[in-house]
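Grab a coffee and open the viewer. Below are some short exercises, each with a worked solution to check yourself against.

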Amino acid sequence: MAIAFHNLNSDAGLNNLDEYLSTRSYITGYQASKDDIIVYASLAKPPSAEYVNLSRWYNHIDALLRISGVSGEGCGVRVEGSSPVSEAVVTPPAADNKESAVENDDEDDVDLFGEETEEEKKAAEERAAAVKASGKKKESGKSSVLLDVKPWDDETDMKKLEEAIRSVQMDGLHWGASKLVPVGYGIKKLQIMLTIVDDLVSVDDLIENYLTVEPVNEYVQSCDIVAFNKI
């Protein structure tokens, strides 16, 4: 079962995470993984120095994302009930949160040895029929991606920038959590997570043909892949 953290933008949530990291270098395992990225992206802002263990971990993950990226698979983690504490945090739509919660609940409730129910059989048959009718290949896997989206300057409306990014919709693409990160001179960039179905979405194509062309490029100067992990 996935590890769960609660209310990471509250004092109690930060204290619990700081205590959790007092005996650990990473959220799970012995190397940085997508679990670290999920928790990192859920924090509204860098933690204060009073959270010694959390600050150490945050600065380390931040450095990895800037220099080499994170490729570890992880063991699974959920972040629940984290609401933004400042205007600098951009939150995902309620529909995305609900969909994420449903997906996580489904993963926890999977019975690998149980018998297939009639509803499951029917759903599988309908899915197979839809795939055959559309002529598309069967979905083989998913990936979790963290993007850096940079505006033109400090006068760019970051709320409209995020709306423009999220307006890009296609089969196999699901936008996740996001936040604003200062880069200097009053400019902030948008860090946003997304999940893609590998057979249906190419991140390079998404950036080149959707996120950096009209009308989105009215707000977006560039997009960079910070982390890319198979799910």
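**Exercise 1: Two loop residues with unusual phi**

Tyr 185 is exposed, with a relative accessible area of 83%. Keep in mind that you're looking at a predicted model.

Task: find where Tyr 185 sits in the fold, then do the same for Asn 7 and compare their backbones.

Solution. Step one: Tyr 185 is in the loop between strand 4 (173-184) and strand 5 (187-197). Step two: check its backbone, and you'll find a positive phi near 60°, in a residue that isn't glycine. Step three: go to Asn 7, in the loop between strand 1 and helix 1. Asn 7 isn't a glycine either, and its phi is positive at about 50°. Step four: look at accessibility. Asn 7 comes out at 36%, and the partly exposed class lies between 20% and 50%, so that's where Asn 7 belongs.

**Exercise 2: The surroundings of Tyr 20**

Task: work out what the ring of Tyr 20 pairs with, and which parts of the chain the pair ties together.

Solution. Step one: the structure has two aromatic pairs. One of them is Phe 5 with Tyr 20, with ring centres 5.1 Å apart and planes at 85°. Planes over 60 degrees apart count as edge-to-face, so this pair gets that label.

Step two: place the partners. Phe 5 is in strand 1 (residues 3-6) and Tyr 20 in helix 1 (residues 11-20), so the pair links parts 15 residues apart in sequence. Their C-alpha atoms are separated by 10.0 Å.

Step three: buried or exposed? Tyr 20 has a relative accessible area of 16%, which puts it in the buried class. Phe 5 is buried too.

Step four: list the other company. Skipping neighbours within four places in sequence, Tyr 20 contacts Ile 3, Phe 5 and Ile 27. Arg 24 also lies over the face of the Tyr 20 ring, 3.9 Å from its centre.

**Exercise 3: How helix 2 meets helix 3**

Task: classify the crossing of helix 2 (residues 34-42) and helix 3 (residues 52-67), and say which residues meet there.

Solution. Step one: the two axes come within 11 Å and cross at roughly 110°. Step two: angles of 65 to 115 degrees count as roughly perpendicular, so that's the label for helix 2 against helix 3.

Step three: pick out the residues. Helix 2 brings Asp 36, Ile 37, Val 39 and Tyr 40, and helix 3 brings Trp 57, Tyr 58, Ile 61, Asp 62 and Leu 65. Step four: sort them by class, which gives seven nonpolar, no polar and two charged residues.

Step five: take another look at Tyr 40. Lys 179 lies over the face of its ring, at 4.0 Å from the ring centre.

**Exercise 4: Helix 7 and the loop after it**

Task: describe the setting of Ile 207, then find what kind of peptide bond joins Glu 214 and Pro 215.

Solution. Step one: Ile 207 lies in helix 7 (residues 203-211). With 11% relative accessibility, Ile 207 counts as buried. Step two: leaving out residues up to four places away in sequence, Ile 207 touches Leu 147, Thr 212, Cys 223 and Ile 225. Leu 147 is 60 residues away in sequence, yet its C-alpha is 9.7 Å from that of Ile 207.

Step three: move on to Pro 215, in the loop between helix 7 and strand 6 (220-230). The bond joining Glu 214 and Pro 215 is cis, with omega about 0°.

Conventions. Residues numbered from 1 in each chain as written. Predicted model: local features only at pLDDT ≥ 70, side-chain atom pairs only at ≥ 80, totals over all residues. Heavy atoms only, no water. Axes fitted to C-alpha atoms, helices over the stretch in contact; angles between N-to-C directions. Helix = DSSP H or I, 4+ residues; strand = E, 2+ residues; numbered from the N terminus. Parallel < 35°, antiparallel > 145°, perpendicular 65-115°, else oblique. Contact = heavy atoms within 4.5 Å. Nonpolar A, V, L, I, M, F, W, Y, C, P; charged D, E, K, R; others polar. Phe/Tyr/Trp six-rings, centres within 6.5 Å; stacked < 30°, edge-to-face > 60°. Buried < 20%, exposed > 50% of the residue type's maximum accessible area, 1.4 Å probe, protein only. Lys NZ or Arg CZ within 6 Å of the ring centre and 35° of its normal.
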